[in-house]
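Work through these exercises with the structure open beside you. Try each task before reading its solution.

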Amino acid sequence: MKITENSSHKILGIIGGMHSCGLVYIENGEIKVVLEEERLDRTKPYVHLHNDFFLFPQQSIDTLVNRYGVDISSIDIITSFLDYDTIKLLLQSVANYDLPEEKFMKTEHHETHCALAYFLSNFQEDTLVVAIDGSGEHHSAKYYIGSNGFMDYIDGIELNRKSIGMFYSAITELLGFKRLKDEGKVVGLAGHGDYWDVYYQIFKKSLSVVDEIKTEIVDHHDEDDLAGGGVYRDVFKNFFEYMGSRIEWKMDTYRKRIAYAGQLVLEETTIEILNNLHKRYPHIKKLALAGGIFANVKMNKKINELEWVEEMFVAPSMGDEGLALGSAIIALKNYDRELKPFRLDNIFFGIEYTEEEVDNAARSIMGECSKDPFDLDYIGELLLNKKILGLFNGKFEHGPRALGNRTITCDPSHPEKYDIINGKLQRNDFMPFAPAVLDEDADRLFKVDKSRYAAEFMTVTYDTRDEFVDKLPTVVHPVDKTARIQIVTEKSNPFFYSILKKYKELTGIGCLVNTSFNVHNEPIVNRPEEAFTHLKNDIVDFLVTPYGIYSK
């Protein structure tokens with residue numbers, strides 16, 4: 001995608017670490033490719049985190065050089081929030097390139113999150129730009145005002161204060177899940193819970209707002225909890241001071257209440273800060289968000305519904321996986337001072353495979369399989385017959401959400417499909433699958449009153465209209481009747497759009513299930529070999545590509 005006509009430079013953004021790793025390459029103002037190491041090495045990032053292993057984007061750099069033919073020495077600027085010595089060592093070992101210091105630009109963690117959210121937002125008006133996560137170099141949150149293509153720093157939450165992101169990670173681990181992996185399960189579990197004041201007071205005591213836009217400074221020193229500002233210690237201490245050795249809290253009813261209370265405190269804390277920022281800058285009605293906590297679509301819904309928020313945008317790659325692109329955009333801004341926020345056509349920046357590569361993968365994995373021409377009438381027939389389809393099209397999506405190019409889809413009207421697909425994917429989430437909906441049907445099926453652009457990237461939930469709750473049981477939350485929608489336009493994804501149009505032609509409803517094309521604990525499919533493995537193992541009934549429809 002072309003960002004600007006005012007730059008002829010080559011920019012490489014790099015991210016490495018224990019839970020996110022990858023790169024972005026921009027040439028002549030165009031995003032050429034964004035790679036996440038997990039899609040190449042097939043290991044979910046949380047594995048490295050829990051093994052205390054720092055990961056570098058070795059396969060991503062190798063792919064950039066050998067598949068895309070990029071000469072590292074020809075790149076004008078290489079940028080990262082990691083330091084120069086780290087990136088220099090990486091390029092020496094992987095690409096045999098000695099990085100001159102004048103070619104390196106270091107960016108700051110939360111500024112990089114904010115740059116990504118602001119520039120991708122397309123907001124031309126003054127914008128409140130907020131990044132909140134677990135931790136960065138010196139902060140766990142930063143706030144900026146975006147205006148006319150520039151960002152001015154307001155304030156933030158330093159690492160000696162409690163981290164909002166780490167608070168939610170503590171709740172995740174308290175419930176027996178893995179942090180930086182299973183926070184989404186807590187969101188889903190919270191939707192099944194109810195208010196219990198004891199748990200709410202425990203967590204409210206562990207995290208609160210002070211000085212309007214900060215959290216409290218810790219009154220104890222814990223070497224193992226420096227990044228969290230002591231919030232981990234307080235969550236567990238306060239919880240078990242009340243619970244003692246009683247174990248009934250492990251029962252499902254209590255776990256749902258714990259998730260509900262943790263979610264509520266997260267929402268209240270974040271929204272209190274946002275409201276107080278708005279009080280300082282009451283003329284600003286646009287909100288651009290990034291950082292790991294804004295993967296929380298349940299909270300994003302409440303933020304979107306704030307009366308003063310005219311429109312909200314959440315960076316599609318809101319977690320640290322988006323920092324490579326954020327760093328590259330900051331570097332691009334240094335070359336093109338006229339660069340202003342822009343609108344994404346889509347976020348398909350990964351690797352695309354040829355028909356020959358797809359057919360070779362079919363023979364390699366399947367031995368023999370059937371291949372029918374791509375035909376929308378046939379696809380519609382398969383959907384009506386309750387078949388589960390794997391979609392493998394073009395470049396894969398950047399970020400945590402599948403958006404139609406590496407997606408599993410089916411008819412959303414059959415309640416049993418939720419359990420069937422969950423079983424096939426070895427998935428035990430508590431949330432329904434997401435719906436992909438035609439742009440022209442979004443308002444008819446769901447209450448989409450604002451922030452439609454954000455909904456193209458599946459970053460916020462909306463209420464389902466009453467008359468469609470029972471018609472879309474696979475994609476509507478059974479308790480609160482919300483749905484984490486993806487609005488699909490013909491421009492954003494003509495492949496997926498055409499399938500949705502065919503389904504609407506047959507049923508009158510332009511909506512299908514959209515869940516990511518992967519089994520539990522594996523990254524989303526990248527190569528055709530991985531897609532055909534899912535077909536061979538009966539995870540999907542058919543594999544739909546632009547080159548044809550494959551089956552066993």
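**Exercise 1. A threonine in a strand**

Is Thr79 buried or exposed?

*Solution.*
Step 1. Note that this is a predicted model. Then find the residue: Thr79 lies in strand β4, residues 77-80.
Step 2. Read its relative accessible area, which is 0%.
Step 3. Apply the cut-off: buried means under 20%. Thr79 is therefore buried.
Step 4. Look at the side chain. A polar atom of the Thr79 side chain lies 2.8 Å from the backbone oxygen of Met105.
Step 5. List the surroundings, leaving aside neighbours within four places in sequence. Thr79 is in contact with residues including Ile11, Leu12, Phe104, Met105, Ser327 and Ala331.

**Exercise 2. Two helices that pack**

At what angle do helix α5 and helix α12 pack, and how far apart are their axes?

*Solution.*
Step 1. Locate the helices: α5 covers residues 109-120 and α12 covers residues 323-335.
Step 2. Take the geometry. The angle is about 75°, and the axes are 8 Å apart.
Step 3. Name the arrangement. Angles of 65 to 115 degrees count as roughly perpendicular, so α5 is roughly perpendicular to α12.
Step 4. Find the residues that meet. On the α5 side they include His109, Leu116 and Phe119. On the α12 side they include Leu323, Ile329 and Lys333.
Step 5. Sort the residues of this contact by type. Eight are nonpolar, five are polar and two are charged.

**Exercise 3. A salt bridge across the chain**

Which residue forms a salt bridge with Arg42 at 3.6 Å, closest N to O?

*Solution.*
Step 1. The partner is Glu530.
Step 2. Place both residues. Arg42 sits in the loop between α1 (37-41) and α2 (45-50), while Glu530 is in helix α20, residues 528-536. They are 488 residues apart, and the pair links distant parts of the chain.
Step 3. Check exposure. Arg42 has a relative accessible area of 24%, so Arg42 is partly exposed. Glu530 has 10%, so Glu530 is buried.
Step 4. Widen the view. Arg42 and Glu530 belong to a network of salt bridges that also links Arg527 and Glu529.
Step 5. Set this against the total: the structure holds 43 salt bridges.

**Exercise 4. Two more salt bridges**

How many residues apart are Lys162 and Glu216, and how many residues apart are Glu505 and Lys502?

*Solution.*
Step 1. Start with Lys162 and Glu216. Their salt bridge has its closest N and O atoms 3.2 Å apart.
Step 2. Place the pair. Lys162 is in the loop between β8 (150-158) and α6 (164-174), and Glu216 is in the loop between β10 (214-215) and α9 (231-243). The separation is 54 residues.
Step 3. Check burial. Lys162 counts as buried at 4% relative accessibility. Glu216 counts as buried at 14%.
Step 4. Turn to Glu505 and Lys502. Their side chains meet in a salt bridge of 2.9 Å, N to O.
Step 5. Place this pair. Both residues are in helix α19, residues 494-507. They are three residues apart, so about one helical turn separates them.
Step 6. Check burial again. Glu505 counts as exposed at 60% relative accessibility. Lys502 counts as buried at 10%.

**Exercise 5. Three buried residues**

Where are Glu267, Ile154 and Phe396 found?

*Solution.*
Step 1. Glu267 is in helix α10, residues 252-280. At 3% relative accessibility, Glu267 counts as buried. Neighbours within four places aside, its contacts are Lys298, Met299 and Lys302.
Step 2. Ile154 lies in strand β8. At 17%, Ile154 counts as buried, because the cut-off is under 20%. Beyond four places in sequence, Ile154 is in contact with Leu128, Tyr143, Tyr144, Ile145, Leu277 and Tyr281. Ile154 and Val130 are 24 residues apart in sequence, and their C-alpha atoms are 9.9 Å apart.
Step 3. Phe396 is in the loop between β14 (389-392) and β15 (406-409). Its relative accessible area is 1%, so Phe396 is buried. Not counting residues up to four places away, Phe396 touches residues including Val34, Arg39, Phe348, Ile351 and Asn526. Phe396 and Tyr353 are 43 residues apart along the chain, with 9.8 Å between their C-alpha atoms.

Terms used
Residues are numbered from 1 along each chain as its sequence is written. This is a predicted model: local features need pLDDT of at least 70, side-chain atom pairs count only at pLDDT 80 or more; totals for chains, interfaces and linings use all residues. Side-chain values use heavy atoms; hydrogens and water are left out. Helices (H or I, at least four residues) and strands (E, at least two) are DSSP runs, numbered from the N terminus. Buried means under 20% relative accessible area, exposed over 50%, partly exposed in between (1.4 Å probe, protein chains only). A polar contact is a pair of N or O atoms within 3.5 Å; within protein, one must be able to donate a hydrogen and the other to accept it, and residues adjacent in sequence count only if both atoms are side-chain atoms. Contact means heavy atoms within 4.5 Å. Axes are lines fitted to C-alpha atoms, for helices over the stretch in contact, and angles run from 0 to 180 degrees between N-to-C directions. Angles under 35 degrees count as roughly parallel, over 145 as roughly antiparallel, 65 to 115 as roughly perpendicular and the rest as oblique. Ala, Val, Leu, Ile, Met, Phe, Trp, Tyr, Cys and Pro count as nonpolar, Asp, Glu, Lys and Arg as charged, and the others, Gly among them, as polar. A salt bridge is a side-chain nitrogen of Lys or Arg within 4 Å of a carboxyl oxygen of Asp or Glu.
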